[in-house]
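Hello,

I am passing this structure on to you, as agreed. The sequence and model come first, and my notes on pockets and cavities follow.

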Amino acid sequence: MPMADRLLMGPGPSNVYPEVTAALVRPVLGHLDPDFLALLDETMVRLREAFATTNPLTLPLSGTGSAGMEAAFVNLVRPGDPVVVGVNGLFGERMCELAARHGAEVVRVEAPWGRPLDPEAVLAAHPGPAIIAVVHAETSTGVRNDVEPLGRGKGEALLLVDTVTSLGGIELAVDDWQVDVAYSGTQKCLGVPPGLSPFTLGPRGRERLVERPTSWYLDLNLLARYVEAAEGSPRVYHHTAPVTMIGALHAGLGVLLDEGLPAVWARHEECGRLLQDGLEKLDLTLLAPTGHRLPQLTTVLVPEALPKGMDEVAVRRLLLERYGIEIGAGAGQLAGRVWRIGCMGHTARRRNVEALLGALAEVLER
């Protein structure tokens, strides 16, 4: 079946780095092969550098970013635990759903979709929460939420952070910000196909792990016995690791670390600024406020006046069919009201921003 070659400028996946493509066609190894285990160990070292952490339990979970979210809640939430969740978009809503499914007393702290959370309101929502959970980069709205003040003020609570769209795209400092557990996805700013969830758990989180979580597959107690090699102790088989995807993640992280994380963040920042300035020059309105806009994921309001016979779906379809450029639709409350334009990973290049802006200007006849 023929496959089109797209410029992926939606909310994910993004285009992958050439080094990642090369890694995907390497020979397949067994998940207990010494060569693979050495690659796995090095991948985890690279993940620690990307997360800016020294947490030993930092690993690629088998599954997309949603598996990381599930793992965080199923391993840390006990029935009756008060869990404060910041909600200003779809993925904050999903955190509430997962916490509730695992028996938590969910305390919602809301901000309008498209506006950042107030850290003080989050910290004041409950006198003694077990967990405070927030989304760092809300993919549904293009808003960055402040994490650092939550770490400073969390008290005895664990701080749980969704970094699916932030890891590799904007500054993230797990240890310095006192984040206890964080998860991400490979298909956004890491420039790797979807399929893994980078995950890190700090010492305070490990002390509070549920002994027998309801998910066997995502049980971190069991997974740690496979990924953490100890002198004289063999690794304990858990499940067949996705060896090819881990090789791809190893390659993608290598690209980021060779370029240098500050340089990667600066590249995303430059592309985001060019994109957002260009959209405003087309008389389009951005949803997120200045100061909390993500450079890697921009939400723009669908204009009321579109070319005759077109709606927002037709605009996206024409971009895809005529120009080979994918942008995303709105999600949740914003369905039909916004477009989501990603500039992440290998896609975060000036040439791609210029191509999208030129194509959009032609489609909108501006």
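**Cavities and pockets**

Nine nonpolar residues, two polar ones and no charged ones make up the lining of the largest cavity. Please keep in mind throughout that this is a predicted model.

That cavity has a volume of about 80 Å³. Its lining consists of Leu-40, Leu-59, Pro-60, Leu-61, Ser-62, Leu-223, Tyr-226, Val-227, His-239, Ala-241 and Ile-246. Two elements, strand S2 (57–62) and helix H8 (220–227), give two or more residues each to this lining. The largest share, four residues, comes from S2.

How many cavities of 30 Å³ or more does a search of the whole structure find? There are two. The second largest cavity holds about 40 Å³ of space. Around it are Gly-142, Gln-276, Leu-286, Leu-287, Ala-288, Arg-293, Leu-294, Leu-297, Thr-298 and Thr-299. Strand S11 (residues 297–301) gives the most to this lining, namely three residues. By class, the lining of the second largest cavity has five nonpolar residues, four polar and one charged.

Next, the pockets. The largest pocket has a volume of about 280 Å³. It is lined by 18 residues, and the closest to its centre are Glu-269, Gln-276, Arg-293, Leu-294 and Pro-295. Among these, Gln-276, Arg-293 and Leu-294 also appear in the lining of the second largest cavity. Which helix provides the largest share of the lining of the largest pocket? Helix H10 (residues 261–281) does, with seven residues. The lining of the largest pocket comprises seven charged, six polar and five nonpolar residues.

For the second largest pocket, the volume is about 190 Å³. Of its 14 lining residues, Ser-66, Phe-91, Val-164, Gln-187 and Lys-188 are the closest to the centre. Helix H3 (65–76) and helix H4 (90–101) each supply at least two residues of this lining. Six of the residues that line the second largest pocket are nonpolar, four are polar and four are charged.

To recap the linings: the largest cavity has no charged residues in its lining, the second largest cavity has one, the second largest pocket has four and the largest pocket has seven.

Regards

Conventions
Residues numbered from 1 in each chain as written. Predicted model: local features only at pLDDT ≥ 70, side-chain atom pairs only at ≥ 80, totals over all residues. Heavy atoms only, no water. 1 Å grid on protein atoms, 1.4 Å probe; cavity = no way out; pocket = protein on both sides within 12 Å on 5 of 7 lines; lining within 4 Å. Points joined across faces, edges and corners; volume = space filled by probe spheres on them. Nonpolar A, V, L, I, M, F, W, Y, C, P; charged D, E, K, R; others polar.
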